[in-house]
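This report covers one protein chain, going from single residues to the chain as a whole.

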Amino acid sequence: MAEYKQYITQIQENGNVMISEDVVAAIVAHALADVDGIGSMGSKPGIGIADFDTKKHWSKSLKIHIAEDNSVSIDCSVMISYGFSVVDVAAAIQQTVTSNVESTTGVKVNVVNVNVCGIVR
């Protein structure tokens, strides 16, 4: 994350709508909860998707970058559950996160980078 909070700004007829990077991170966390095969978030086992209600938990596992044109790039670090295909789970993460962020915020997701940190049981 940047040292200052980034916002997606959408100019509307009656004013502006500003969406915080925290909101985007919450959308990503909820999207990840729908993907089978994720053992935990981050590089250490034990941080579950449900624990991502505070910035403290997701700040090291999620990186949200909002570009000048309000498009979004997302980096997420996960641990995959043993027995699942790493490539299949990563592809599901990319598709689910892109779909949820775009449909909820109305902005384009440029890229979803998935960093698989390990395997957990």
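Leaving aside residues up to four places away in sequence, Thr 96 touches Ala 31 and Val 35. In this predicted model, Thr 96 belongs to helix α3, which spans residues 86-105. Thr 96 counts as buried because its relative accessibility is 15%, and the limit for that class is under 20%.

Two further residues fall into other accessibility classes. Glu 68 is in the loop that connects β4 (62-66) with β5 (72-81). With a relative accessible area of 83%, Glu 68 is exposed, since that class begins over 50%. Although Glu 68 and Ile 8 are 60 residues apart along the chain, their C-alpha atoms are separated by 9.0 Å. Ile 119 is part of strand β6, residues 109-120. Its relative accessibility of 46% makes Ile 119 partly exposed, because values between the two limits are assigned to that class.

The table sets the three residues side by side.

| Residue | Location | Relative accessibility | Class |
|---|---|---|---|
| Thr 96 | helix α3 (residues 86-105) | 15% | buried |
| Glu 68 | loop between β4 (62-66) and β5 (72-81) | 83% | exposed |
| Ile 119 | strand β6 (residues 109-120) | 46% | partly exposed |

Which residues form a nonpolar patch on the surface with Ile 119? They are Tyr 82 and Val 86, and the patch of Tyr 82, Val 86 and Ile 119 has about 290 Å² of accessible area together. Tyr 82 also takes part in a charge-ring arrangement: the charged end of Arg 121 sits over the ring of Tyr 82, at 4.5 Å from the ring centre. As for pairs between aromatic rings, the count is 0.

At the level of secondary structure, the protein chain contains 3 helices and 6 strands. Their order along the sequence is β-β-α-β-α-β-β-α-β.

How many residues does the protein chain have, and what percentage of them count as buried? The chain has 121 residues, of which 40% are in the buried class. Its accessible surface amounts to about 6,900 Å², and carbon and sulfur atoms account for 49% of that area. For contacts in the protein chain between residues at least 6 apart in sequence, 64% link residues at least 24 apart.

Definitions and conventions. Residues numbered from 1 in each chain as written. Predicted model: local features only at pLDDT ≥ 70, side-chain atom pairs only at ≥ 80, totals over all residues. Heavy atoms only, no water. Phe/Tyr/Trp six-rings, centres within 6.5 Å; stacked < 30°, edge-to-face > 60°. Lys NZ or Arg CZ within 6 Å of the ring centre and 35° of its normal. Helix = DSSP H or I, 4+ residues; strand = E, 2+ residues; numbered from the N terminus. Buried < 20%, exposed > 50% of the residue type's maximum accessible area, 1.4 Å probe, protein only. Contact = heavy atoms within 4.5 Å. Areas by Shrake-Rupley, 256 points an atom, 1.4 Å probe, with all protein chains shown as cover. Patch = residues over 30% accessible without salt bridge, like charges linked within 9 Å, V, L, I, M, F, W, Y side chains within 5 Å. Salt bridge = Lys/Arg side-chain N within 4 Å of Asp/Glu carboxyl O.
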